[in-house]
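Dear colleague,

I am handing over the structure below for your review. My account of what was found in it comes directly after.

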Amino acid sequence: MDTIFWICLLGSLLELDTTYAFQLTFSRGIIAGPLLGLVTGDVMTGLQVGIFTELLFIDISPLGGLLPPSAAVCCTVSMALCALEIPVYFSFFFGAISAVLFSVAEVLVRKHRIVWIQRQEEKILKHPSHITWTILQALFLSFLYTFLFVFGMSASVGFSVEKLLPYLPEQIHIASRFAYMAVPWVGMAALIPLFRLKTR
């Protein structure tokens with residue numbers, strides 16, 4: 001469980017890179033996957049998960065009110081489950097589901113955060129020096145929310161799948177392996193219309 005804690009801790013820091021801080025592309029799957037793989041001691045699986053995450057979510061753009069699934073969350077939950085010795089072809093799909101759920105939850109959190117932001121703006125207008133504390137507080141709350149989400153998902157899914165895994169028929173393993181290996185092809189197929197538009 002210590003490994004899961006450190007994976008979720010690093011993954012939550014990487015998620016801050018998405019919008020709230022840094023923005024150095026550390027939250028991209030191709031980078032987050034191998035970094036998380038260093039924690040588990042399996043960089044190649046981390047790289048594979050990172051590449052598959054990139055290909056799966058590459059065609060989803062943050063337009064309007066749409067928040068794309070978080071690559072950092074997908075990689076974090078996937079690698080945490082791999083650390084629990086759950087096969088990667090199961091772990092990845094639970095990671096992808098977690099990323100989608102996180103984006104939905106993030107929309108709700110941002111809507112409720114408006115009231116908090118308005119209160120902070122009033123404080124900053126009265127005391128301009130309060131802005132540093134507000135920024136640090138916002139980063140910490142975002143980090144904590146992400147950590148609780150990924151740790152909760154990893155622990156709950158990991159516990160459930162560990163119990164079910166011995167009873168799953170071989171056909172489910174075969175189907176999951178096939179679906180996992182199809183992910184990059186699905187991702188690349190989504191890019192074909194984009195390349196067609198650019199060549200015209």
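The notes that follow go from the overall fold to the core, the aromatic contacts, the salt bridges and a pocket.

Please bear in mind throughout that this is a predicted model.

**Overall fold**

The secondary structure amounts to 7 helices and 0 strands, so that the chain reads α-α-α-α-α-α-α along the sequence. The chain has 200 residues, of which 40% count as buried.

**The nonpolar core**

The largest nonpolar core holds 36 residues, and within this core V49, F92 and Y180 touch the most other members. Two or more residues come from each of α1, α2, α3, α4 (71-83), α5, α6 and α7. Helix α4 gives the most, with 9 residues.

**Aromatic contacts around F52**

The whole structure contains 11 aromatic pairs. One of them joins F52 and F92 edge-to-face, with the ring centres 6.2 Å apart and 90° between the planes. This pair links distant parts of the chain, given that F52 belongs to helix α3 (residues 43-57) and F92 to helix α5 (residues 88-126), 40 residues apart. How buried are the two partners? F52 has a relative accessible area of 7% and is therefore buried, the cut-off being under 20%. F92 is likewise buried, with a relative accessible area of 0%.

F52 also pairs with Y180, and here the arrangement is tilted: 4.8 Å centre to centre, with 45° between the planes. The angle explains the label, because planes under 30 degrees apart would count as stacked and those over 60 as edge-to-face. This second pair again links distant parts of the chain, from F52 in helix α3 to Y180 in helix α7 (residues 170-199), 128 residues apart. Y180 counts as buried, at 3% relative accessibility. F52 thus has an aromatic partner in F92 and another in Y180, and both F92 and Y180 are among the core residues that touch the most other members.

Elsewhere, a single aromatic cluster is formed by F5, W6, F143, F147 and F151.

**Salt bridges**

The search of the whole structure returned 2 salt bridges. In one, the side chains of E54 and R28 meet at 2.6 Å, N to O. The two residues lie in distant parts of the chain: E54 is in helix α3, while R28 is in the loop between α1 (2-19) and α2 (29-40), 26 residues apart. Are these partners buried or exposed? E54 counts as buried, at 13% relative accessibility, whereas R28 is partly exposed, with a relative accessible area of 41%.

The other salt bridge brings together the side chains of R177 and E170, at 3.6 Å, N to O. Here R177 counts as partly exposed at 35% relative accessibility, and E170 is partly exposed with a relative accessible area of 46%.

**The second largest pocket**

The second largest pocket encloses about 190 Å³ of space. Which residues line the second largest pocket? The lining is made up of Y20, V109, H112, R113, W116, A138, L141, S142 and Y145. Helices α5 and α6 (130-164) each supply at least two residues of this lining. By class, the lining has 6 nonpolar, 2 polar and 1 charged residues. The charged one is R113, because Arg falls in that class, and the polar ones are H112 and S142, since neither His nor Ser is listed as nonpolar or charged.

**Two further positions**

G50 is placed in helix α3 and counts as buried, at 0% relative accessibility. The C-alpha atoms of G50 and C74 are separated by 8.7 Å, although the two residues are 24 residues apart along the chain.

D42 lies in the loop between α2 and α3. At 35% relative accessibility, D42 counts as partly exposed. Its C-alpha atom is separated by 9.0 Å from that of A83, and the two residues are 41 residues apart along the chain.

With kind regards

Methods:
Residues numbered from 1 in each chain as written. Predicted model: local features only at pLDDT ≥ 70, side-chain atom pairs only at ≥ 80, totals over all residues. Heavy atoms only, no water. Phe/Tyr/Trp six-rings, centres within 6.5 Å; stacked < 30°, edge-to-face > 60°. Helix = DSSP H or I, 4+ residues; strand = E, 2+ residues; numbered from the N terminus. Buried < 20%, exposed > 50% of the residue type's maximum accessible area, 1.4 Å probe, protein only. 1 Å grid on protein atoms, 1.4 Å probe; cavity = no way out; pocket = protein on both sides within 12 Å on 5 of 7 lines; lining within 4 Å. Points joined across faces, edges and corners; volume = space filled by probe spheres on them. Salt bridge = Lys/Arg side-chain N within 4 Å of Asp/Glu carboxyl O. Core = buried A, V, L, I, M, F, W, Y, C linked by side-chain atoms within 4.5 Å.
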